[in-house]
Structure formats: structure tokens, C-alpha cells
Amino acid sequence: MLSEYATHLRTVNNRYGRPYQEKTVTAYTKAARALDQWMSREGIHGDFTELDTNTLNTFFRVYHDCHDRGGTNTVQRNLRTFCNWLEDEFDVPNPYRDKRLQKYSAPVGATPKTLAAEFVADLLKVTGNGHPRVREFEKVRDHAMIRVLTEGLRAEELLTLRLDYLHLSQGLLQVVPLKDARAAGEGRIIPLQPRTVIALTRYLRAREHHKLSGSEWLWLGSRNRGRLTYSGLYRMVNRRAKDAGYASVSPHQFRHTFANDLLSAGVAEGDVMQVAGWKDPSMLRRYAADMATTRAVKAVKRMGDRY
């Protein structure tokens with residue numbers, strides 16, 4: 001049934017009329033697989049046609065004990081589509097239409113921590129610090145990827161970059177539209193830091209010797225593997241963090257750090273939103289909330305004596 005469900009997700013559109021991203025298919029099926037494994041451990045025989053509201057409530061409570069409220073909210077949202085599919089395909093009563101289903105809200109104000117400047121600098125150091133004599137493909141690639149992450153790209157935007165999206169002579173990078181923006185045909189231009197331009201130039205030089213250098217995708221795997229995936233990006237960032245003596249880190253934390261960096265430098269909020277691809281100011285506030293007090297204190301101190 002899980003295999004059929006995954007096939008279903010790959011052949012239908014989401015509520016915005018667009019095909020599901022592969023990472024969304026993975027997340028949705030992962031939630032259903034977690035439910036399947038729990039049902040097996042509990043000795044619930046049969047298949048998902050046996051699923052009812054009480055069973056789902058019990059699963060969510062057990063899941064909450066191990067994954068807190070945020071994780072439970074995520075798996076509860078991801079299972080909604082699965083229960084809709086069960087209802088359509090097998091006439092299973094949908095627990096999400098039952099008022100007895102216990103809801104788990106997302107944590108309020110929970111945001112990933114902004115990365116310290118020292119942390120980012122140490123990650124760049126362990127990947128060669130952009131030195132021209134460092135020519136090992138993996139180090140050159142990782143250094144360039146980390147530098148591009150500091151430009152505020154989403155992980156998916158980074159991974160879907162193609163060679164023709166680079167305009168290095170102008171110090172610019174084009175980002176393909178994602179999610180809602182794709183339907184409107186929107187995209188945006190990212191102004192790159194000079195050292196990011198240099199890092200990308202050196203990566204392109206190293207990339208020429210890759211077995212799959214003819215690929216349209218910018219980021220290629222090590223050992224002549226093809227296009228890099230999210231799991232590869234996640235492993236790379238955490239491997240480099242470990243090399244630098246730090247704990248795990250999420251690629252998305254670079255986006256929070258980017259927002260804080262620009263606001264701390266005095267870049268207008270509207271300009272930050274334009275470069276980051278945010279339409280709603282609430283997103284900027286959410287991403288910049290972690291260091292809001294620090295920025296405010298520094299801004300006031302820069303004024304010196306007012307009287």
C-alpha cells in the first residue's frame with residue numbers, strides 16, 4: 001500500500017496544481033511508514049484499512065513522547081494526505097474529518113539558531129578557505145556550496161542550480177522559482193559576495209575534470225557521482241561541522257544567518273525580502289527573531305551620546 005501511495009503522489013498534483021516535489025513524496029511516505037512500523041509493534045493486524053481515529057490518536061501520543069510537539073505536528077500534517085488517499089481508494093473513514101482527532105499545534109516562535117560568524121569561518125577553513133592551491137574536487141565543491149549557502153538560498157534552490165543560472169562576470173546568480181512563485185513565473189537575482197564568485201569560478205574549473213561534467217546541474221557528487229541530493233548536502237554540511245569541531249547543523253540555518261547579517265549591516269527590510277524571496281514581512285520577522293535583541297542593542301549603541 002505504501003508503494004501504491006508513493007506512486008499516487010508522483011502522478012497527481014498538489015493543491016496548487018503542481019506535481020509534488022520528490023522530497024515531499026519522501027516526507028509523506030516516511031510519515032506513513034512510521035505509522036506502519038508502530039502498528040506492527042503494537043500487534044495491529046491487517047493493513048491501513050484498519051486505521052481509525054482512536055488508533056491514530058494513540059500513535060500521535062506515543063510519537064509525541066519521543067519527538068516533542070514540533071515533530072508530532074509535522075507527522076500529523078504529513079499523514080493528512082495519506083488518510084485522504086485511503087478514503088478515496090479504500091473507503092476508509094477519514095480520521096481527519098472526526099472531531100475526536102487530537103490536534104498537535106506547531107511550537108510558537110520556534111526558530112533555528114543563527115550561526116555564529118566564527119562557526120561559518122571555521123567551516124570555510126576546513127574546506128580549504130578558498131586557497132588556490134587546494135584543488136581536491138570535494139573540498140573545492142564544499143567550500144563553494146557553503147559560500148553559496150551564506151547568500152541566503154533555500155536548500156532546494158541551491159540543489160536545483162544549473163550551469164546557465166550563473167552570471168559570474170556580473171557577480172550574480174539566478175534562482176529558479178519555487179513553490180507558489182513557480183506558478184507565477186517569478187524568480188530572483190542573487191548578488192554574490194566577491195569571494196563567493198571566486199569560489200564558484202574555482203569549482204567550475206575543478207568540475208571540468210568530473211566524469212559527468214557535461215551535466216546541466218551545477219553541483220555534482222564526489223567519486224564521479226551525479227547530481228547532489230538533499231541528503232548529500234545535509235551530510236556534507238554536518239561532516240564539515242564535525243571536522244571543525246562542532247555539533248550538527250541544518251543547511252537552513254544559513255538562511256536565518258543571512259537575514260541577520262543583512263539587517264545587522266543596515267540593509268533595508270524591503271531589500272532583504274527581495275533578495276531572500278519573501279512576500280510576507282512576517283517571514284522576515286520570523287527568520288530574524290533569533291538575534292533581534294542583539295541587533296537592537298548594537299544599533300542604539302552606535303548612536304553614542306544622544307544628549
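Here are five short exercises with worked solutions on a predicted model.

**Exercise 1. The enclosed space**

Task: Find how many cavities of 30 Å³ or more the structure holds, and work out which residues line the largest cavity.

Solution:
- Start with the count: there is one cavity of 30 Å³ or more in the structure.
- Next comes its volume, and for the largest cavity this is about 80 Å³.
- Now list the wall. The lining consists of T127, G128, N129, G130, H131, V134, V140, H143, A144, A199 and R202.
- Assign these residues to elements: α5 (137–149) and α8 (194–207) are the ones that contribute two or more. The top contributor is α5, which gives three residues.
- Finish with the chemistry: the lining of the largest cavity has four nonpolar residues, six polar ones and one charged.

**Exercise 2. An open pocket**

Task: For the second largest pocket, state the volume, then say which residues lie nearest its centre and which helices supply at least two residues of its lining.

Solution:
- The space in the second largest pocket comes to about 380 Å³.
- Its lining has 13 residues, and those nearest the centre are E22, K23, L159, T229 and Y230.
- Sort the lining by helix: at least two residues come from each of α2 (22–41), α6 (155–159) and α9 (230–243).
- Sort the lining again by class, and you get four nonpolar, five polar and four charged residues.

**Exercise 3. How α5 meets α9**

Task: Decide how α5 is oriented relative to α9, and name the residues that make the contact.

Solution:
- Take the geometry: the axes of α5 and α9 lie 11 Å apart, and the packing angle is about 100°.
- Compare that angle with the range of 65 to 115 degrees, which counts as roughly perpendicular. So α5 is roughly perpendicular to α9.
- Then look at the side of α5, where E138, K139, R141, D142, M145, I146 and L149 take part; from α9 come L233, M236, V237, R239 and R240.
- A tally by class gives six nonpolar and six charged residues in this contact, with no polar ones.

**Exercise 4. How α10 meets α12**

Task: Repeat the analysis for α10 and α12: at what angle do their axes cross, and which residues meet?

Solution:
- Helix α10 covers residues 253–264 and helix α12 covers residues 281–288; their axes come within 8 Å and cross at roughly 95°.
- The crossing therefore makes α10 roughly perpendicular to α12.
- On the α10 side you will find R255, H256, A259 and L263, which meet L284, R286, Y287 and A288 of α12.
- By class, the α10 contact with α12 holds five nonpolar residues, one polar and two charged.

**Exercise 5. Reading the sheet**

Task: Give the strand order of the open sheet, and explain why one side of β1 and of β3 is left without a neighbour.

Solution:
- Begin with the order: three strands form an open sheet, β1-β2-β3, and the pairing is antiparallel.
- Look at the ends. Because β1 (166–167) and β3 (188–191) stand at the edges with a single partner strand each, one side of each has no neighbour in the sheet.
- Now zoom in on one pair: β2 (residues 172–175) is joined to β3 by four bridges, with the two strands running antiparallel.
- To check the register in your viewer, pick L173, whose bridge partner in β3 is I190.

How values were computed: Residues are numbered from 1 along each chain as its sequence is written. This is a predicted model: local features need pLDDT of at least 70, side-chain atom pairs count only at pLDDT 80 or more; totals for chains, interfaces and linings use all residues. Side-chain values use heavy atoms; hydrogens and water are left out. On a 1 Å grid over the protein atoms alone, a cavity is a set of points where a 1.4 Å probe fits but cannot get out, and a pocket is an open set with protein on both sides within 12 Å along at least five of seven lines; lining residues have an atom within 4 Å of a point. Grid points are joined across faces, edges and corners, and a volume is the space filled by probe spheres set on the points. Ala, Val, Leu, Ile, Met, Phe, Trp, Tyr, Cys and Pro count as nonpolar, Asp, Glu, Lys and Arg as charged, and the others, Gly among them, as polar. Axes are lines fitted to C-alpha atoms, for helices over the stretch in contact, and angles run from 0 to 180 degrees between N-to-C directions. Angles under 35 degrees count as roughly parallel, over 145 as roughly antiparallel, 65 to 115 as roughly perpendicular and the rest as oblique. Contact means heavy atoms within 4.5 Å. Two strands pair if DSSP finds at least two bridges between them.
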